[in-house]
Each structure stands twice: as structure tokens, then as C-alpha cells.
Amino acid sequence: MRSVPTTSLDLTDPAVVADPYPHFARERELHADTGGVAWHEPSGMYLTFSHASVGQVQRDRRLGRLWRDKEPLDHLEPFNLLHRNQMMENEPPEHTRLRRPVASAFARGHVERLRPRVRELAASLLEDVDPDGFDVIEGYAEPLPVLVIADLLGVPRSYAHELRDWSQAIVRMYEVAPSQQTVDDAVRAATDFAALARELAAERRATPADDLITDLVATELSDDEVVAAVVLLLNAGHEASVNVFGNGLVSMLQRGLRPGEDVAATVEEMLRFDSALQLFERTATEDVPVGGVVVEEGQKIAALLGAANRDPAVFESPDEFRVDRTPNPHLAFGVGVHFCLGAPLARMELGESLPALFETFPDLSLAAEPESRGTFVLRGYRSVPVRGTHV
């Protein structure tokens, strides 16, 4: 058995979950000789801590996103069904076949036509909060992208609360060691979510509308694939926006910062500085050299996106939040064939909602300690109490 570098980093340690970046930095230095790559026995896979190694994992087609149904099969079939048919869990040519119809629908201008709606929603939500104190996650960051993605797809807004609950139940399954309660909750959410998506798809086949579900049912995708695409878009279409907004806002308020003149640059720094998605797994379809190790066929390797985005070899003063940082080659949305399809939507939402918040409350500040979701893979806040003064 050949010798490989190992890491004992505990991804479930509350200290790591609370602030993983010092731990990433230490591991990156410890494994500099292997390009920031080390074997992690607890998870049975390699971890990558450098920008170069994370980028290679995402770009190398020999490192695939290969879905394997979760056990037990009978109990977890509702969850497995959604993921088995998702573009994110497949590689070309299957990935290409599943992604093309969705990418084509996005290219029809659905995202840009929503910009006025985002501004309208932002203004309406901010009118309803108490400037003397409110939870910016519950009152603003969560409802806005949920309502936007529901509008884009054609899901009635009356389901907004269920969409958020279902999404959070499903994504908790991506954590390092989900409990049985988490598993059961995810199965129930997947069942209910799929039922709604199937019902809406049937309605659009009978009565087309100007929305993404109508576009999807008109493609060659099967019923199960349409349902999986709708659920993926509803989940990914707001999950990243909520967490990037909360993470970035807390980072700015803790440092007394405001968005820069170039709001787009500030949004990119929010994406880089405290990444919403921290870990993304791949499986080697053949022996693949990564950094100074060889990932053998069948072995897994994880791209630690947050570690890549704090690599001092790429980012000057990586632990400093710079609202005008440029260039900013972060990997928050991934690279290669799995580059996030919803990136333009997330950037547009953040680019509109962030300045709207500070224009309404120029003196915005934290009113109490933010409450973390306590999760590692999908990093975010459950609650961020703030106070502000109207313009």
C-alpha cells in the first residue's frame, strides 16, 4: 500500500463549522508538498485545500459527479429519484442532455425580465420590516429569492413557505453525517416537493404559460426528469442567494463595511469571502493525478470551495473583505461542465437586493449575534438580527 498524505480535520467539529478558514489555511500549509491535497479517512475521500487543486477537480472530466442511490433504497427512493435524474448528479453525455433544455430556457431571457420584479419585491419587503429591529434573513434574504424562482418557474406564490421548508430539509442530507431524523425529513420533503412539481408539469402540458416549467415540459425530458429539474432549480435557485446574502452581509456589518461603488465587485467578494457551498464531491473514473497524489479509479475527492477562495497564492490578503476586490477568480459557482446554471440569476438578485437594503437603511447594523445554521457543506445563517434607519 503506497503512502499518502492524510488529514485528521474533523468536518463536524463545531469550531470548524463555525469558522473553517483557519483550519483550511493550516491544512493547506501542512500539505503544500502535495498541492494542498490529503486523504481524509473519516469520509473516505481526498480533500483539496488549494485553489489549483480545487480548480483541477472541477475541470478534469475524469473526475465525475456520479450519483449512487442512497440506502436503504425503498425508504430513500423519493430522495434518490430526484437526484438520479438531475443534471448536477450526472456526467456527459447524460449531463449534457439534461442540462441543454434548462440552459436553453434560461437563454430565452427569463432571468433579465425578472430584474424589475426583483426591485419591486425588494422595495415591498423592506417596507414591511421594522427599522428598529428585524431579522434580515426571515424578512428579506429568504423570501425574495424564493418568490423570484417561483415566479420564474411558474409556481404559485402561496407555496413559498413550503418551498423553503422542503429545500432546507433536502439540503441537510448533503451534510457530512446526517441523522436519521434528517433522513426522514428529507424523504418527506422530496415526496411532497415532487408531487407539486408533477402536478404543475401536468397543468402546463394542458395549459401552457410564460414560465420555465412550460418550457421544460415542451422538451424531450421525461416526466421524472422534468420533476427533478424543477426541484433542482427551486432548491439551487434560492439556496445560494439566501446564504451568500446572509454570509456576505454579516461579514460586512462585522467590519463596518458598505457596498462599494461597483456593486458587482462587492457581490463577487461576498461569493468569495464566505462561500455558501463548501464541499462538492467527485469520483475518479480512472487513475487521476491531482496535485501530488493519484486518485485511484473509484476513489472520491472533494473540492473544498471555501478553502480555494481563501488561497493566498491567488488572493492578496485572502482573509480581508475588500468590497472592490479585482480581479476575483473565486470558484464559488464552480468551473467546467458543472458551472452553476443559476449564477446569472443569483448575481442579478444580489446586485439588486444588496444596494436596495443599504439605500433604505444606510445606518444598518447588527442588533444581536447572528445565529448560524450549524452546517458545514451548505454554510449560512438561520437568523441575522439587524436595526436600521429609514432614508
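**Exercise 1. Decide whether T266 is buried or exposed, and place it in the structure.**

Solution. T266 has a relative accessibility of 0% and therefore counts as buried. The cut-offs are under 20% relative accessible area for buried, over 50% for exposed, and partly exposed in between, with a 1.4 Å probe and protein chains only. T266 belongs to helix α13, residues 263–273. Helices are DSSP runs of H or I with at least four residues, strands are runs of E with at least two, and both are numbered from the N terminus. With neighbours within four places in sequence left aside, T266 contacts M252, P259, G260, F321, V323 and L354. Contact means heavy atoms within 4.5 Å.

The model is predicted: local features need pLDDT of at least 70, side-chain atom pairs count only at pLDDT 80 or more, and totals for chains, interfaces and linings use all residues. Residues are numbered from 1 along each chain as its sequence is written, and side-chain values use heavy atoms, without hydrogens and water.

**Exercise 2. Check the length of helix α15 against its residue count, then state how enclosed the helix is.**

Solution. Helix α15 covers residues 343–360, which is 18 residues. The expected span is 1.5 Å times one less than the number of residues. That rule gives 26 Å for α15, and its end C-alpha atoms are 26 Å apart, so the two values agree. Next, 14 of the 18 residues are buried, so α15 is largely enclosed by the rest of the structure.

**Exercise 3. Describe the surroundings of I301.**

Solution. I301 sits in strand β8, residues 300–304. Its relative accessible area is 0%, so I301 is buried. Not counting residues up to four places away in sequence, I301 touches V37, M45, Y46, T48, V57, L63, F280, E281, R282, V290 and V295. A284 is 17 residues from I301 along the chain, and their C-alpha atoms are separated by 7.8 Å.

**Exercise 4. Classify D151 by accessibility and list its contacts.**

Solution. D151 lies in helix α8, residues 143–153. Its relative accessible area is 19%, so D151 is buried. Leaving aside neighbours within four places in sequence, D151 is in contact with L114, R117 and R157.

**Exercise 5. Locate two cis peptide bonds and a residue with positive phi.**

Solution. One cis bond joins E71 and P72, with omega about -5°. P72 is in the loop between β3 (63–64) and α4 (73–84). Another cis bond runs from P92 to P93, with omega near 5°. P93 is in the loop between α4 and α5 (94–113). S317, a residue other than glycine, has a positive phi near 45°. S317 is in the loop between α14 (305–308) and α15. At a relative accessible area of 33%, S317 is partly exposed.

**Exercise 6. Test the whole chain against the globule rule and summarise its fold.**

Solution. The radius of gyration is taken over C-alpha atoms, and the rule is 2.2 Å times the number of residues to the power 0.38. For 391 residues a compact globule would have a radius near 21 Å; the chain has 21 Å, which agrees. The C-alpha trace spans about 60 × 50 × 40 Å along its principal axes. The secondary structure comprises 15 helices and twelve strands. Of the 391 residues, 58% count as buried. Among contacts between residues at least 6 apart in sequence, 71% join residues at least 24 apart.
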